[in-house]
Amino acid sequence: MAKEYKLSPQRLQELQEELNYLKTVREKEVAELLKEARSFGDLSENSEYDEAKNEQGKLHSRIAQVEEILANYVVIDEEDTAGDYIRLGSTVTVLDKEFDEEQVYKVVGSQEADPMNGAISEDSPFGRALLGKNAGDDITVDAPAGPVEYKILKVER
C-alpha cells in the first residue's frame with residue numbers, strides 16, 4: 001500500500017501549481033538547454049550537455065515525487081472543531097520546563113514540516129508526543145540528548 005501524505009489545502013494547491021509549472025514551463029526550459037548543448041558538437045566531452053542531462057534528471061525526479069504525493073494525499077480538515085485536543089492543523093503553545101521558555105508550534109503533515117519556522121511534523125518524536133493531548137497536559141519527548149519535558153499551555157485550531 002502506498003504511503004498516505006497528509007496535506008493542508010494550501011499545501012495541496014502549492015503542489016498542484018508546482019507540478020503544472022514543472023510540466024509546462026520548466027520542461028521546455030530544460031529541453032531548450034539540451035538542444036543548445038547538443039549544438040556544441042561532440043557529446044563525449046561536452047560539459048554543457050552533461051549538466052543539461054543532470055538538470056533533466058532532477059526535473060523528472062521532482063515531477064515523479066510530486067505526482068506520487070498528489071496520487072496519495074489526504075487533506076487535513078483544519079476547520080474541524082470537535083474537541084480541544086491536539087491534532088493535525090493545531091497550533092500549540094508549550095512551556096519548555098528545563099529552560100522555562102514558551103514556544104509555539106503548528107502540527108502539520110510530513111510534507112509541510114519546517115521546524116525552523118515552527119511547523120512540526122506529526123511523524124517527528126515531538127509531534128507524536130503532542131497528538132491527542134490537551135492544554136494543561138505534561139509531555140516528555142525522547143530527544144537524542146535525552147528526555148525533554150514540556151507543559152502544554154494552549155491549543156488552538
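1. Start at the end of a strand pairing. Aspartate 96 stands opposite glutamate 101 in S4. This is a predicted model, so read each point as a description of a prediction. Further along S4, lysine 106 is the bridge partner of threonine 91. Six bridges join S3 to S4, and the two strands run antiparallel.

2. Now look at the turn. S3 and S4 form a hairpin with four residues between the strands. Aspartate 100 is in that loop. Its phi is positive, about 50 degrees, although aspartate 100 is not a glycine. Why is that worth a remark? Most residues other than glycine have a negative phi. Is aspartate 100 buried or exposed? Aspartate 100 has a relative accessible area of 60%; the cut-off for exposed is over 50%, so it counts as exposed.

3. S3 has a second partner. Strands S3 and S7 run antiparallel and are joined by six bridges. Threonine 91 appears here too: in S7, its bridge partner is glutamate 156. Threonine 91 therefore has a bridge partner in S4, lysine 106, as well as one in S7. S3 is mostly covered, with five of its six residues buried.

4. Which strands pair next? S6 and S7 are antiparallel, with six bridges between them. Here threonine 140 stands opposite glutamate 149 in S7. S4 and S5 pair in the parallel sense, over three bridges. In that pairing, serine 121 in S5 is the bridge partner of valine 108.

5. Put the strands together. The five strands form an open sheet, in the order S5-S4-S3-S7-S6. The pairing is mixed. Which strands stand at the edges? They are S5 (119-121) and S6. Each has a single partner strand, so one side of each is left without a neighbour in the sheet. Neighbouring strands of this sheet are turned by 45 degrees against each other on average, direction ignored.

6. Next, the largest nonpolar core. In soluble globular proteins, nonpolar side chains tend to be buried together. The largest core here has 17 residues. Val94, Phe126, Leu130, Ile139 and Ile152 touch the most other members. Which elements give two or more residues to this core? They are S3 (91-96), S4 (101-108), helix H3 (125-130), S6 (138-143) and S7 (146-156). S7 gives the largest share, four residues.

7. Take isoleucine 139 as a sample from that core. Set aside its neighbours within four places in sequence. Isoleucine 139 is then in contact with Phe126, Ala129, Leu130, Lys133, Val148, Glu149, Tyr150 and Ile152. Apart from this core lies another, of 12 residues. Leu7, Val30, Leu59 and Ile69 are among its members.

8. Turn to helix H1, residues 9-38. H1 has 30 residues and reaches 42 Å from its first C-alpha to its last. That is close to the 44 Å expected at 1.5 Å a residue. Where is H1 kinked? The kink is centred on leucine 22 and is about 40 degrees.

9. Which residues of H1 are buried? They are Arg11, Leu12, Leu15, Leu19, Leu22, Arg26, Val30, Leu34 and Ala37. Note that leucine 22, where the kink is centred, is on this list. The buried residues of H1 pack against strand S1 (5-7), helix H2 (47-71) and strand S2 (73-75).

10. Helix H2 has 25 residues, which should span 36 Å at 1.5 Å a residue. Its end C-alpha atoms are 36 Å apart, so the two values agree. Tyr49, Ala52, Leu59, Ile63, Val66, Ile69 and Leu70 are buried in H2. What covers the buried residues of H2? The cover includes S1, H1 and S2. Leu59 and Ile69, buried in H2, are also among the residues of the 12-residue core.

11. Finish with alanine 71, which is in helix H2. Is alanine 71 buried or exposed? At 57% relative accessibility, alanine 71 counts as exposed. The C-alpha atoms of alanine 71 and phenylalanine 40 are separated by 40 Å. Along the chain, these two residues are 31 residues apart.

Terms used. Residues are numbered from 1 along each chain as its sequence is written. This is a predicted model: local features need pLDDT of at least 70, side-chain atom pairs count only at pLDDT 80 or more; totals for chains, interfaces and linings use all residues. Side-chain values use heavy atoms; hydrogens and water are left out. The expected span of a helix is 1.5 Å times one less than its number of residues. The bend at a residue is the angle between axes fitted to the seven residues ending there and the seven starting there. Buried means under 20% relative accessible area, exposed over 50%, partly exposed in between (1.4 Å probe, protein chains only). Contact means heavy atoms within 4.5 Å. A nonpolar core is a set of buried Ala, Val, Leu, Ile, Met, Phe, Trp, Tyr and Cys residues joined through side-chain atoms within 4.5 Å. Axes are lines fitted to C-alpha atoms, for helices over the stretch in contact, and angles run from 0 to 180 degrees between N-to-C directions.
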